Every structure is written in structure tokens, then in C-alpha cells.
Amino acid sequence: MAGEAAKVVHEFAPLFDKGSKVLVLGTIPSPKSREQGFYYGHPRNRFWKVAARVFGEPEPVTIAEKKVLAARNHMAIWDVLASCVIQGAEDASIREPVANDLDVILQKADIRAIFTTGKKAADLYRKYCEPRYGRPCIMLPSTSPANCRMGEDELVARYRVLRDFV
């Protein structure tokens with residue numbers, strides 16, 4: 001366990017533009033992501049490596065390169081939650097969740113499919129967002145280092161579904 005539970009408020013903007021076709025939602029930024037002020041910031045999180053392989057691009061290193069990869073491949077990235085009480089990066093500890101207003105993206109981009117990264121993000125989306133927006137999500141496996149039972153090749157195979165909607 002990573003310390004005591006604390007209230008976390010999402011502090012950075014969604015990543016999207018009017019050309020975004022898929023929306024990829026995590027739960028809420030991890031402590032490492034909050035330190036960086038950007039998505040999937042833990043050095044062992046495999047999201048950016050997996051996305052690069054899915055779209056046949058070099059793995060981005062800088063935040064600027066990650067933004068370019070997302071834009072070029074029509075990916076919007078945000079999180080289900082605007083705030084919650086959480087212990088470290090442990091999704092299982094989430095309490096008092098407050099959902100983000102996805103209309104920020106859905107009213108400006110032609111989102112064809114909504115994906116979640118992990119079971120907790122999917123559960124939260126289905127409970128707090130799907131009833132409001134009437135749009136189901138497709139659950140993808142977590143790219144977090146906590147999901148150590150799933151190798152990178154399997155993650156890439158599962159994430160290839162993103163290409164079907166862009």
C-alpha cells in the first residue's frame with residue numbers, strides 16, 4: 001500500500017482535438033502522472049509503448065511526442081473521474097468518485113468508440129457515465145505495472161481494436 005488515502009482532484013486537461021475518433025479513459029491520474037502533469041506517466045506503465053506498437057510508430061518519450069502520437073492516431077485521452085479519495089495508485093481503494101464531464105470531448109469530436117484501461121475504469125464508467133451519455137465502453141486491459149500477468153505482446157494484441165475505429 002502506498003500511504004494513506006487522500007482526496008485527488010484531476011488537474012490536467014483532456015488530450016483531444018476535433019479529429020479524435022476514439023476516447024481512451026483511465027480511472028484518475030496516478031501519483032507519477034500527477035507529478036508529470038500528463039497521462040500514463042509512471043515509467044513502467046506500458047500505455048505509450050503499446051499505443052506506439054499498435055499504430056506502427058516509434059515509442060514516444062517526451063510529452064510533446066506523446067501528444068503527437070495521440071493526435072496523429074485520432075486518440076482522445078482522459079479519465080473517468082474528476083476526483084476521488086484514493087490510496088496511492090490503487091484503483092481498488094477508490095471512494096467518493098466524481099465523474100468527469102465527458103461532454104467536453106463528446107460535443108467537440110466525432111468519437112466513434114469509448115475505451116477504458118482496466119476493469120475499475122470500466123466499472124466506474126458504466127456506473128457514472130454510461131447512463132448519462134448512453135454510450136457503452138469497451139474495456140481494455142490495464143497497462144499499469146500492477147497488471148504484471150499480462151505481457152506487452154498480449155496488450156498490443158488487445159489494443160489493436162483501437163485501429164478499427166480510427
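This note covers the pockets and two backbone outliers of a predicted model.

1. Start with the largest pocket. Its volume is about 890 Å³. The lining counts 39 residues, and Ala89, Asp91, Ser142, Ser144 and Ala146 lie closest to the centre. Four elements each give two or more residues to this lining: α1 (31–36), β5 (90–99), α5 (119–128) and β7 (137–140).

2. Look next at the make-up of that lining. The largest pocket is lined by 16 nonpolar, 14 polar and nine charged residues.

3. The second largest pocket has a volume of about 200 Å³. Its lining holds 14 residues, with His42, Pro43, Asn45, Glu59 and Lys66 closest to the centre. By class, five are nonpolar, four polar and five charged.

4. Now the backbone. Most residues other than glycine have a negative phi. Tyr40 is not a glycine, yet its phi is positive, at about 55°. Tyr40 sits in the loop between α1 and α2 (47–54). Is the Tyr40 residue buried or exposed? Tyr40 is buried, because its relative accessible area is 11% and the cut-off for buried is under 20%.

5. Glu96 also deserves a look. Its phi is positive, near 50°, and Glu96 is a residue other than glycine. Glu96 belongs to strand β5, an element that gives two or more residues to the lining of the largest pocket. Glu96 counts as exposed, because its relative accessibility is 52% and exposed means over 50%.

6. To recap the two outliers: Tyr40 is buried, whereas Glu96 is exposed. Tyr40 lies in a loop, and Glu96 in a strand.

Terms used: Residues are numbered from 1 along each chain as its sequence is written. This is a predicted model: local features need pLDDT of at least 70, side-chain atom pairs count only at pLDDT 80 or more; totals for chains, interfaces and linings use all residues. Side-chain values use heavy atoms; hydrogens and water are left out. On a 1 Å grid over the protein atoms alone, a cavity is a set of points where a 1.4 Å probe fits but cannot get out, and a pocket is an open set with protein on both sides within 12 Å along at least five of seven lines; lining residues have an atom within 4 Å of a point. Grid points are joined across faces, edges and corners, and a volume is the space filled by probe spheres set on the points. Ala, Val, Leu, Ile, Met, Phe, Trp, Tyr, Cys and Pro count as nonpolar, Asp, Glu, Lys and Arg as charged, and the others, Gly among them, as polar. Buried means under 20% relative accessible area, exposed over 50%, partly exposed in between (1.4 Å probe, protein chains only).
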